[in-house]
Amino acid sequence: MRRGIRARLVFDGYTRQDWDAVVVLEGDRILWVGRPEDAPACPIIDLRGMFLLPGLIDPHVHLEWSAAHTHAGVRADYLREAAKPPELAARARLNALELVRSGVTTARDCGSSHQLLKLREDIAQGIVGGPDLLVCGPPITKKRGHLFWMGQVIDGRPSAERAVREAAAAGVDGIKVIASGGFLTPESSPFAPQFTASLLECIQATANESGLPVVAHAHDVASIQRCVDAGIGTIDHGLFYGRDGRQRIVKPVLEAMATADVALGLSGSGTLRSNLGAEGGIERIASTLAPHRQARAQGVRVLIHSDAGAHATSFGGFAETLRVAQVGLGLQPEAILRIVTSGAAAALGLGNRAGAIRAGMRADLVITRADPLVDLANLAAVEDVIARGRCVRQNYWT
């Protein structure tokens with residue numbers, strides 16, 4: 001069925017806009033965008049006074065996690081529910097719905113059980129609500145390494161190759177490798193590597209055989225350098241810690257990332273979100289995210305993600321993640337929105353179908369009552385979200 005929406009188009013995924021537009025949808029695609037007087041004949045919902053922008057893209061979430069207030073709570077919740085797969089699946093469905101209702105219409109899950117592949121298909125078929133999903137499945141880690149309690153543990157090249165090939169056979173959209181330790185797993189150290197560059201190179205090469213991208217979890221400088229040397233295309237978190245736990249920006253590493261077009265993921269998770277509005281919080285955010293600010297200045301592609309599901313990181317708080325990124329990167333709302341729409345789509349290989357309001361693209365739209373280009377906080381309360389041509393909140397059509 002063909003139908004249209006009339007509202008003020010303020011951002012199309014690439015540039016600031018400011019005009020009275022009609023967006024005509026047909027099925028799950030955008031058929032036409034233009035002035036009301038030129039619109040093709042079809043029912044049009046008049047939303048003048050409201051604002052339109054593309055559906056947002058979150059490249060790093062954990063739908064099976066609980067966003068408990070402590071690291072230990074997240075781990076305990078996962079392990080309890082993993083013993084009862086229907087409960088884990090139910091949590092993932094609820095989290096997916098909360099995520100899409102916040103305006104995120106595309107997301108990459110960077111650590112889950114393989115049963116999340118079923119949710120990916122159910123969402124694609126319209127059986128349940130949620131964002132269009134890319135799924136990495138169980139992350140590759142080492143014995144007692146970060147996320148060993150839910151990941152795929154390897155101990156050398158044969159097991160690394162086997163892990164990647166088994167994940168590819170299961171139908172994942174990418175491979176997640178845990179290159180450094182992490183805060184969620186106290187048995188590991190976020191300030192030290194877990195794998196050699198040679199083993200990371202093996203994982204990347206095996207993923208290449210199946211045409212799968214690799215995204216790495218890496219906190220420390222040494223792990224980041226090893227990921228770059230291995231040819232890994234996306235490095236998430238990337239806080240540039242030394243072994244002493246202090247951040248230090250290493251310009252040659254940033255230059256290598258820029259030359260190789262390695263994307264650096266900025267995590268606007270609950271830890272940083274809690275600084276918004278707190279005394280001295282803006283300064284803490286700016287200090288923590290200095291490596292990402294410097295990376296962007298050096299020409300590195302910086303992505304923005306929530307890490308939703310990690311401790312104190314709700315699935316409905318992407319607007320807060322964007323505000324954190326705005327402080328950390330020192331950018332205006334238009335630039336932030338470009339990163340989480342057309343920029344993220346290009347980085348995830350989805351540039352031909354998501355991240356923009358243009359004819360032929362997937363019908364993913366966010367409708368707000370206040371202009372997000374004036375203040376990103378206006379995205380905290382969306383009027384409605386259209387995902388694949390369907391209104392999530394069903395304010396206007398099902």
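**Exercise 1.** In this predicted model, state which residues ring pairs link into a cluster with Tyr 78, and classify the pair of Trp 65 and Trp 149.

*Solution.* Step 1: ring pairs join Trp 65, Tyr 78 and Trp 149 into a cluster.
Step 2: the ring centres of Trp 65 and Trp 149 are 6.0 Å apart, and the planes meet at 35°. Planes under 30 degrees apart would count as stacked and over 60 as edge-to-face, so this pair is tilted.
Step 3: Trp 65 lies in the loop between strand E5 (56-61) and helix H1 (71-82), whereas Trp 149 lies in the loop between strand E8 (140-142) and strand E9 (152-154). With these positions 84 residues apart, the pair links distant parts of the chain.
Step 4: Trp 65 and Trp 149 are both buried.

**Exercise 2.** Classify the aromatic pair of Phe 183 and Tyr 241, and decide whether each residue is buried or partly exposed.

*Solution.* Step 1: the centres are 6.2 Å apart with 75° between the planes, an edge-to-face pair.
Step 2: Phe 183 sits in the loop between strand E10 (175-178) and helix H5 (197-209), and Tyr 241 in strand E12 (residues 234-241).
Step 3: Phe 183 has 38% relative accessibility, so Phe 183 counts as partly exposed. Tyr 241, at 13%, is buried.

**Exercise 3.** Find how many disulfides there are, and explain why Cys 202 has no bond to Cys 227.

*Solution.* Step 1: a disulfide needs sulfur atoms within 2.5 Å.
Step 2: the closest cysteine sulfur to that of Cys 202 belongs to Cys 227, but because it is 14 Å away, it is too far for a bond.
Step 3: the count is zero disulfides.

Technical notes:
Residues are numbered from 1 along each chain as its sequence is written. This is a predicted model: local features need pLDDT of at least 70, side-chain atom pairs count only at pLDDT 80 or more; totals for chains, interfaces and linings use all residues. Side-chain values use heavy atoms; hydrogens and water are left out. Rings of Phe, Tyr and Trp (its six-membered ring) pair if their centres lie within 6.5 Å; planes under 30 degrees apart count as stacked, over 60 as edge-to-face and the rest as tilted. Helices (H or I, at least four residues) and strands (E, at least two) are DSSP runs, numbered from the N terminus. Buried means under 20% relative accessible area, exposed over 50%, partly exposed in between (1.4 Å probe, protein chains only).
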